[in-house]
Amino acid sequence: MNAPAVILDCDPGHDDFFAILLAQRFTELRGITTVVGNTSIQNATRNACIAADVCGFTGPIVAGSAWPLVGQPHYAEHIHGASGLDGPALPEIIRPATEGDAASFLLAEAGPDTWIVATGPLTNLALAMRSDPGLAGRVAGISIMGGSTSFGNVTPAAEFNIWHDPEAASIVFSSGAAIRMLGLNVTHTVLVDRGYTDRLAALGSSAGSFSSQLLGAYLNSYDRISGKPGSAPLHDPCALLAVSHPDLFGFVAAHVDVELDGELTRGMTVVDQRELADLESPNAQVAVTADGPQVLGLLYETIGAL
Ligand code: BDR
Ligand code: CA
């Protein structure tokens, strides 16, 4: 089977970094766009350039929105640090980002054979759809790391990417696009630990060492904030592999709405899992299972090949 064509819209971010490496190995990566979320747009774009240098991606990297549609940015420094990629000393970038803006790039480059994989807030995609709603029907699909069928991580109800720009997420989920949703309910079953970082370090390569240091810092963050220290969920690779290796995930078709107003629930993905005959039509394939060992194995293989 041919590798799927992908544009990766991301906010690197440790787990976004690994999604970029996987995209370069397992897809025909047409471009990387960046969005504010885990860190500033400047940091996210620089970090995407670093990932591209590490994995040998030479295509376009285009910066996108520096602000959510409504309100102010809230960086996830408690997980990713001030740089967005805290841990190893960050190298100077070899190849800078391409001129342009992400929403225009998505509109110009995403065609019927293209998957958009979104591993950050959905601001760029929403801006593109606002200026041309036809985008939703023109792409093969959109694979989103975001939301949850159950618990949140920023609030009890809301996951970070959706919480950071709920208005944008609402536009995307109601767009009519073919959506795959990889939420916390599955990404929290794909766990890295210090045995995994040791194995990466033992590869003896600079990519192995850099990746091991990144994941070590990511584990330290999760140790600080998590009720279950010693492991950390590898969120964003799931959205990428849901396109290149969909058999690793189990999906159910469901209607997903984004809560915009709730005092306790703003940014929640409300996934209708009722077993009733008369429900709103599904607008997403929602992941409910993931093969964690296979996901981690593919990432190890990917880093090992660099
Ligand atoms: C999501 O938020 C970010 O911190 C991660 O990169 C991931 O995309 C998980 O909630
Ligand atoms: Ca991310």
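Here are some questions and answers about this predicted model.

Q: What makes the overall size of the chain agree with a compact globule?
A: Set two values side by side. A compact globule of 306 residues would have a radius of gyration near 19 Å, and the chain has 18 Å, so the two agree. If you'd like box dimensions as well, the C-alpha atoms fill roughly 55 × 45 × 40 Å along the principal axes.

Q: How many helices and strands are there in the chain?
A: You'll find 13 helices and twelve strands.

Q: What share of the residues is buried?
A: Buried residues make up 55% of the 306. To earn that label, a residue needs a relative accessible area under 20%. As for the surface, the chain exposes about 12000 Å², and carbon and sulfur atoms supply 52% of that area.

Q: How do you know that contacts join residues far apart in sequence?
A: Take the contacts between residues at least 6 apart in sequence: 80% of them join residues at least 24 apart.

Q: What about the charged side chains: how many are positive and how many negative?
A: There are 13 positive and 32 negative ones, and the centres of the two sets lie 4 Å apart.

Q: Why is glycine 120 called buried?
A: The cut-off for buried is under 20% relative accessible area. Glycine 120 comes in at 0%, so it counts as buried. You can look for glycine 120 in the loop between β4 and α5.

Q: Which residues are in contact with glycine 120, leaving aside neighbours within four places in sequence?
A: They are Asp9, Cys10, Asp11, Asp16, Val35 and Asn161. Take cysteine 10 from that list: cysteine 10 and glycine 120 are 110 residues apart along the chain, yet their C-alpha atoms are separated by 4.7 Å.

Q: Why is glutamate 28 called partly exposed?
A: Partly exposed covers what falls between the buried cut-off of 20% and the exposed cut-off of 50%. Glutamate 28 has a relative accessible area of 39%, so partly exposed is the right label. This residue sits in strand β2. Not counting residues up to four places away in sequence, glutamate 28 touches Ala3, Pro4, Ala5 and Val6. For a sense of distance, glutamate 28 and aspartate 165 are 28 Å apart, C-alpha to C-alpha, and 137 residues apart in sequence.

Q: What makes threonine 289 partly exposed?
A: Its relative accessibility is 43%, so threonine 289 counts as partly exposed. Look for this residue in strand β12. Beyond its neighbours within four places in sequence, threonine 289 is in contact with Val186, Leu248, Phe249 and Gly250. Serine 148 is 141 residues away from threonine 289 in sequence, and their C-alpha atoms are 12 Å apart.

Q: How do you know that aspartate 257 is partly exposed?
A: Its relative accessible area is 40%, so aspartate 257 gets the partly exposed label. Aspartate 257 belongs to strand β10. Once neighbours within four places in sequence are set aside, its contacts are Met268, Thr269, Val270 and Glu280. Methionine 268 is eleven residues from aspartate 257 in sequence and 8.2 Å away in space, C-alpha to C-alpha.

Q: How do you know that the buried residues of α4 line one face of the helix?
A: Begin with the residues themselves: in α4, which spans residues 102–109, Ala102, Ala103, Phe105 and Leu106 are buried. Seen down the axis of α4, these buried residues fall within an arc of 160°, so they line one face. Here's a handy rule: an α-helix has 3.6 residues a turn, so residues three or four places apart point the same way. The cover over the buried residues of α4 includes β1, β2, β3, β4, α5 and α6.

Q: Why is helix α8 called largely enclosed?
A: Count the buried residues: six of the eight in α8 are buried, so the rest of the structure largely encloses this helix. The buried ones are Pro166, Glu167, Ala168, Ala169, Val172 and Phe173. Among the elements covering them are α5, β5, α7, β6, β10 and β12.

Q: Which residues does the cis peptide bond with an omega of about -15° join?
A: That bond joins proline 12 and glycine 13. Glycine 13 is in the loop between β1 and α1.

How values were computed. Residues are numbered from 1 along each chain as its sequence is written. Chains are lettered from A and ligands numbered from 1 in the order in which they are written. This is a predicted model: local features need pLDDT of at least 70, side-chain atom pairs count only at pLDDT 80 or more; totals for chains, interfaces and linings use all residues. Side-chain values use heavy atoms; hydrogens and water are left out. Helices (H or I, at least four residues) and strands (E, at least two) are DSSP runs, numbered from the N terminus. The radius of gyration is taken over C-alpha atoms; the globule rule is 2.2 Å times the number of residues to the power 0.38. Buried means under 20% relative accessible area, exposed over 50%, partly exposed in between (1.4 Å probe, protein chains only). Contact means heavy atoms within 4.5 Å. Accessible areas come from the Shrake-Rupley method with a 1.4 Å probe; for residues, only the protein chains shown count as cover. Lys and Arg count as positive and Asp and Glu as negative; His and the chain ends are not counted. The place of a charge is taken as NZ of Lys, CZ of Arg, CG of Asp or CD of Glu. The arc is that of the directions from the helix axis to the C-beta atoms.
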